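Work through the exercises below with the sequence and the model side by side. Each task is followed by a solution that goes step by step.

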Amino acid sequence: MTDILALREELIKRYSARNARIEEYYKLRDLDDPRAGSPLEHGVRNDPKTTLNLAIHFLSGGAERFELPIVTETPEERVFLNKAERALQGIARTNDNEMRRSGQSTSWLRHASDLLATTGGLFTLSLVLPDEGGYPSFVAENWDTETCYPVYGERGMTRFIHDYKCLVEAAEQKAKDYGWQLDLPAGTKECRITNYYEKVEGEVHCAVLVDDKIVQQLDDVGGTKGLFKEIPLRGSGIGYANRSRSDNVVHQYEGFLEPIRQTAEDSNRFYSYI
């Protein structure tokens with residue numbers, strides 16, 4: 001079994017420049033004042049926030065559209081594809097409703113657009129699971145780019161780690177939903193969750209760790225075996241084209257604010273002068 005903790009630390013180091021840059025994007029979006037507390041008068045331009053909001057609006061202003069390709073041009077196929085497209089629209093509405101029920105006052109598309117424009121990347125967990133009544137439940141859960149660490153081979157994603165912190169109440173709810181056995185010390189307020197996926201000989205092995213302890217039952221090859229043939233994550237980073245050099249990941253995740261980030265300090269200084 002792959003040493004999950006060692007791999008996690010290796011990937012966090014590999015993607016450290018990306019995450020540091022994303023933190024700068026969020027500071028620009030939040031109009032963070034790097035000179036706060038200075039006795040000198042100064043200002044912070046709101047261009048990063050307004051232009052980013054406009055970009056997100058352009059990306060998510062309309063509803064999702066689904067157009068399936070027609071192959072045989074027969075009436076029967078058109079009827080079938082029309083039903084399939086309406087079903088996809090219904091799934092999209094369900095995803096929106098699920099997000100709002102979870103306390104997020106936004107649509108799935110706007111959430112995805114926000115992550116893509118702000119962080120320069122988007123990763124979506126894509127699953128089809130049976131619900132309590134035996135009907136299919138379609139999962140499309142967007143994950144923050146800062147918490148996602150993919151490893152790619154010549155034929156796609158080979159390993160993936162999703163590493164993040166959450167309040168203990170959220171972890172306990174996940175444990176209830178997924179049947180984890182938590183053993184957290186009394187007084188714990190925050191915990192660290194690590195989701196691990198690895199593709200091995202045509203099968204995907206999965207594991208979940210909470211505070212570095214495995215809470216999802218593992219078998220002798222390293223995880224829940226045979227649920228998927230491919231790692232159920234879709235997404236990547238935007239930015240420069242992938243180059244044959246060791247640091248290509250540095251420029252692979254560049255958000256909408258990247259050009260502004262490089263000149264923001266000079267722009268704020270000039271704005272303060274006038």
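**Exercise 1.** In which sense do strand 5 and strand 6 pair, and over how many bridges?

Strand 5 (residues 190-200) and strand 6 pair in the antiparallel sense over eight bridges, where two strands count as paired if DSSP finds at least two bridges between them. Helices (H or I, at least four residues) and strands (E, at least two) are DSSP runs, numbered from the N terminus. The model is predicted, so that local features need pLDDT of at least 70 and side-chain atom pairs count only at pLDDT 80 or more, whereas totals for chains, interfaces and linings use all residues. Residues are numbered from 1 along each chain as its sequence is written, and side-chain values use heavy atoms, with hydrogens and water left out.

To place the pairing, locate Tyr197, which stands opposite Cys206 in strand 6. Then follow the chain into the hairpin of strand 5 and strand 6, which has two residues between the strands and in whose turn Glu201 has a positive phi of about 50°.

**Exercise 2.** Determine how strand 6 is covered and how strand 6 continues into strand 7.

Begin with accessibility: seven of the eight residues of strand 6 (residues 203-210) are buried, and the strand is thus described as mostly covered; buried means under 20% relative accessible area, exposed over 50%, and partly exposed in between, with a 1.4 Å probe and protein chains only. Next, strand 6 pairs with strand 7 in the antiparallel sense over two bridges, and Val210 stands opposite Lys213 in strand 7. The hairpin of these strands has two residues between them, with Asp211 at a positive phi near 50°.

Beyond strand 7 (213-214), Gln216 lies in the loop that leads to strand 8 (224-225). Gln216 is partly exposed because its relative accessible area is 22%, and its C-alpha atom is separated by 9.8 Å from that of Asn195, 21 residues apart along the chain.

**Exercise 3.** Describe the open sheet that contains strand 1.

Three strands form this open sheet in the order 2-1-9, with antiparallel pairing. The edge strands are strand 2 and strand 9 (233-237), each of which pairs on one side only, and the twist averages 10° from one strand to the next. On one side, strand 1 (residues 121-130) pairs with strand 2 (residues 136-143) over eight bridges, and Pro136 in strand 2 is the bridge partner of Pro130. Their hairpin has five residues between the strands, among them Gly134, which takes a positive phi near 90°. Strand 1 also pairs with strand 9 over five bridges, where Ser236 is the bridge partner of Leu122.

**Exercise 4.** At what angle do helix 3 and helix 5 pack, and which residues meet?

Helix 3 (residues 47-60) and helix 5 (residues 108-119) pack at an angle of about 135°, with their axes 9 Å apart; axes are lines fitted to C-alpha atoms, for helices over the stretch in contact, and angles run from 0 to 180 degrees between N-to-C directions. The two helices are therefore oblique to each other, given that angles under 35 degrees count as roughly parallel, over 145 as roughly antiparallel, 65 to 115 as roughly perpendicular and the rest as oblique.

For the residues, Leu52, Ile56, His57, Leu59 and Ser60 in helix 3 meet Leu109, Arg110, Ser113, Asp114, Ala117 and Thr118 in helix 5, contact meaning heavy atoms within 4.5 Å. Finally, helix 5 also lies across strand 1 and strand 2, running at about 145° to strand 1.
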